[in-house]
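Trainee: I would like to learn how the descriptive words used for a protein model are justified. Could we go through some of them together?

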Amino acid sequence: MSTIRGARERARIEVTAAIKDEARKQLAAEGAAKLSLRAVARELGMASSALYRYFPSRDDLLTALIVDAYDAIGEAAETARATADRARPRPAPYADRWVAVAGAVREWALAHPHEYALIYGSPVPGYSAPMDTVGPASRVGMVLIGLIRDAFREDGLAVPPLAAELRAEAERIAADITPDLPPAVAPALVAAWAQLFGLISFEIFGQFNRMVEAREQLFRQAAGELARSVGLRGSPTGPGLGPGRPSGGPPAAESATGHG
């Protein structure tokens with residue numbers, strides 16, 4: 001009986017993967033707003049009723065794709081941090097680690113523009129992301145917060161300045177995301193987060209076309225400045241990503257199809 005159950009579970013995993021792969025093709029071709037369970041079933045040679053046993057609705061399938069995308073970009077960030085932590089002859093300065101993490105996030109986005117658009121692009125009409133997406137969505141942010149937290153514990157954080165009129169808001173934000181850090185860190189982190197993903201989105205969605213050619217170099221410089229803005233200290237020559245891919249990346253996604 002256990003052998004039969006195991007075979008069924010393997011078959012379900014394989015079919016689920018095939019459904020999501022086909023759905024990603026539809027994302028690239030049509031955008032998330034036009035994702036259709038019936039179209040996915042047709043391309044896979046399945047009856048719609050059979051597909052519904054795996055994903056009862058379009059929103060369930062979208063959620064699965066969103067969680068996968070967040071987990072993938074989060075894993076890229078976590079791997080970059082772990083690699084920088086193990087740098088020899090000594091671990092990289094924290095600002096350099098920040099830039100390495102940011103660079104890994106950008107690299108993933110360039111390699112998966114339509115999946116990036118799904119999670120960081122325009123909201124999908126009629127779709128509301130469930131709580132299932134919150135944990136995966138926080139993975140990149142937790143890596144960046146972890147860098148700041150470790151630098152602070154090692155007395156390697158230059159706490160950024162804080163305007164008096166922003167103190168109450170800084171304390172409110174800090175209570176939610178960085179309760180163990182000085183309140184001044186919270187608004188600086190939020191601003192840096194927005195600017196990092198703004199740079200990536202500008203590149204992915206074609207805003208740099210006919211304007212910026214050395215895109216990786218621009219990103220590396222900006223990421224280093226953002227690391228310093230949150231108080232991280234880097235190497236004397238400034239944080240960098242080291243050898244990387246040629247600037248420019250793949251063609252920009254045609255449209256933003258995110259979930260909001």
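Mentor: What follows is a set of questions about the words applied to this structure, which is a predicted model.

Trainee: To begin with the whole chain, what makes up the pattern that is read along the sequence?

Mentor: The protein has 11 helices and zero strands, so every element in the pattern is written as α, giving α-α-α-α-α-α-α-α-α-α-α. Of the 260 residues, 45% are buried, and among contacts between residues at least 6 apart in sequence, 77% join residues at least 24 apart.

Trainee: Why are helices H8 and H10 called oblique to each other?

Mentor: Helix H8, residues 139–153, packs against helix H10, residues 185–204, at an angle of about 135°, and their axes are 12 Å apart. Roughly perpendicular covers 65 to 115 degrees and roughly antiparallel needs over 145, and the angle of about 135° fits neither, so H8 and H10 are oblique to each other. Their crossing is right-handed.

Trainee: Which residues make that contact, and how do they divide into nonpolar, polar and charged?

Mentor: H8 contributes Val140, Gly141, Leu144, Ile145 and Ile148, while H10 contributes Val185, Leu189, Trp193, Leu196 and Phe197. These residues divide into nine nonpolar, one polar and no charged, and since Gly is counted as polar, the polar one is Gly141.

Trainee: What makes tyrosine 70 and tyrosine 120 an aromatic pair, and why is the pair called edge-to-face?

Mentor: Six aromatic pairs are found in the whole structure, and in this one the ring centres are 5.9 Å apart with 90° between the planes. Centres must lie within 6.5 Å for a pair, and planes over 60 degrees apart count as edge-to-face, so the values 5.9 Å and 90° satisfy both conditions. Tyrosine 70 lies in helix H4 (residues 58–85) and tyrosine 120 in helix H6 (residues 113–120), so the pair ties together parts that are 50 residues apart in sequence. Tyrosine 70 is also buried, because its relative accessibility is 7% and the word applies under 20%.

Trainee: Why, then, is the pair of tyrosine 116 and phenylalanine 205 called tilted?

Mentor: Its centres are 6.2 Å apart and its planes make 45°, which is neither under 30 degrees, as stacked would need, nor over 60, so the pair is tilted. Tyrosine 116 is in helix H6 and phenylalanine 205 in the loop between H10 and helix H11 (215–229), 89 residues apart, so the pair links distant parts of the chain. Tyr70, Tyr116, Tyr120, Trp193, Phe197 and Phe205 form one aromatic cluster.

Trainee: How do you know whether tyrosine 116 and phenylalanine 205 are buried, partly exposed or exposed?

Mentor: Tyrosine 116 has 0% relative accessibility and therefore counts as buried. Phenylalanine 205, at 23%, counts as partly exposed, because this value lies between the limits of 20% and 50%.

Trainee: What is noted about phi of aspartate 155 and arginine 210?

Mentor: Aspartate 155 has a phi near 60°, a positive value in a residue other than glycine, and arginine 210 has a positive phi of about 60° although it is not a glycine. Aspartate 155 lies in the loop between H8 and helix H9 (167–177), whereas arginine 210 lies in the loop between H10 and H11.

Trainee: Why are aspartate 155 and arginine 210 called exposed?

Mentor: Exposed means over 50% relative accessible area; aspartate 155 has 64% and arginine 210 has 86%, so the word applies to aspartate 155 and to arginine 210.

Methods:
Residues numbered from 1 in each chain as written. Predicted model: local features only at pLDDT ≥ 70, side-chain atom pairs only at ≥ 80, totals over all residues. Heavy atoms only, no water. Axes fitted to C-alpha atoms, helices over the stretch in contact; angles between N-to-C directions. Helix = DSSP H or I, 4+ residues; strand = E, 2+ residues; numbered from the N terminus. Parallel < 35°, antiparallel > 145°, perpendicular 65-115°, else oblique. Left-handed = near helix turned anticlockwise from the far one by under 90°. Contact = heavy atoms within 4.5 Å. Buried < 20%, exposed > 50% of the residue type's maximum accessible area, 1.4 Å probe, protein only.
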